[in-house]
Amino acid sequence: MSESTLDVRELAPTERHPTIHEAFEELDAGETLTIRNDHDPKPLFYEFSAEVEAFDAEGYEVEQRGPQEFVARLPKK
């Protein structure tokens with residue numbers, strides 16, 4: 001299984017979700033997009049669950065590595 005990593009901490013908030021969606025769309029089935037963020041990406045999880053049919057919500061993982069560092073894995077079906 002292949003994994004792509006995207007650090008969105010330096011992007012403007014308005015650019016983050018579109019950039020993540022674009023990177024996720026480029027993945028093949030069975031691959032995972034890992035994002036590094038400065039807050040818990042729970043809203044992104046809900047957005048992907050509702051809008052992205054290829055998102056594997058059951059395989060989603062998020063880990064807090066510091067006060068402003070979260071790593072989330074978004075697998076694609």
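Leaving out neighbours within four places in sequence, H21 is in contact with E47, F48, E51 and V52. The model described here is predicted. H21 is found in helix 1, and its side chain is joined to that of E47 by a polar contact of 2.4 Å. The relative accessible area of H21 is 16%. Because buried means under 20%, H21 counts as buried.

Helix 1 covers residues 13-25 and lies across strand 1, strand 2 (32-37) and strand 4. The helix runs at about 160 degrees to strand 2.

**The sheet**

These strands belong to an open sheet of four strands, in the order 1-2-4-3 and with mixed pairing. Strand 1 (3-7) and strand 3 (61-66) are the edge strands, each pairing on one side only. From one strand to the next, the twist averages 20 degrees. Strand 3 and strand 4 (residues 69-75) run antiparallel and are joined by five bridges. Across this pairing, E61 stands opposite R73 in strand 4.

**Salt bridges**

The structure holds six salt bridges. Three of them are listed here, with N to O distances.

| Side chains | Distance (N to O) |
|---|---|
| D7 and R9 | 2.6 Å |
| R9 and E69 | 4.0 Å |
| R73 and E61 | 4.0 Å |

R9 appears in the salt bridge with D7 and in the one with E69. R9 lies in the loop between strand 1 and helix 1, while E69 lies in strand 4, so the R9 and E69 pair ties together parts that are 60 residues apart in sequence. The accessibility of the residues involved can be given one by one. D7, at 37% relative accessibility, counts as partly exposed. R9 is also partly exposed, at 27%. E69 counts as buried, with a relative accessibility of 19%.

The salt bridge between R73 and E61 involves the two residues that stand opposite each other in strand 4 and strand 3. R73 lies in strand 4 and E61 in strand 3, so this pair ties together parts that are 12 residues apart in sequence. E61 has a relative accessible area of 45% and is partly exposed.

Salt bridges that share partners join D7, R9, R36 and E69 into one network. Within that network, R9 is a partner of D7 and of E69.

Methods: Residues numbered from 1 in each chain as written. Predicted model: local features only at pLDDT ≥ 70, side-chain atom pairs only at ≥ 80, totals over all residues. Heavy atoms only, no water. Pairing = 2+ DSSP bridges. Axes fitted to C-alpha atoms, helices over the stretch in contact; angles between N-to-C directions. Contact = heavy atoms within 4.5 Å. Buried < 20%, exposed > 50% of the residue type's maximum accessible area, 1.4 Å probe, protein only. Polar contact = N/O pair within 3.5 Å; in protein donor to acceptor, adjacent residues only side chain to side chain.
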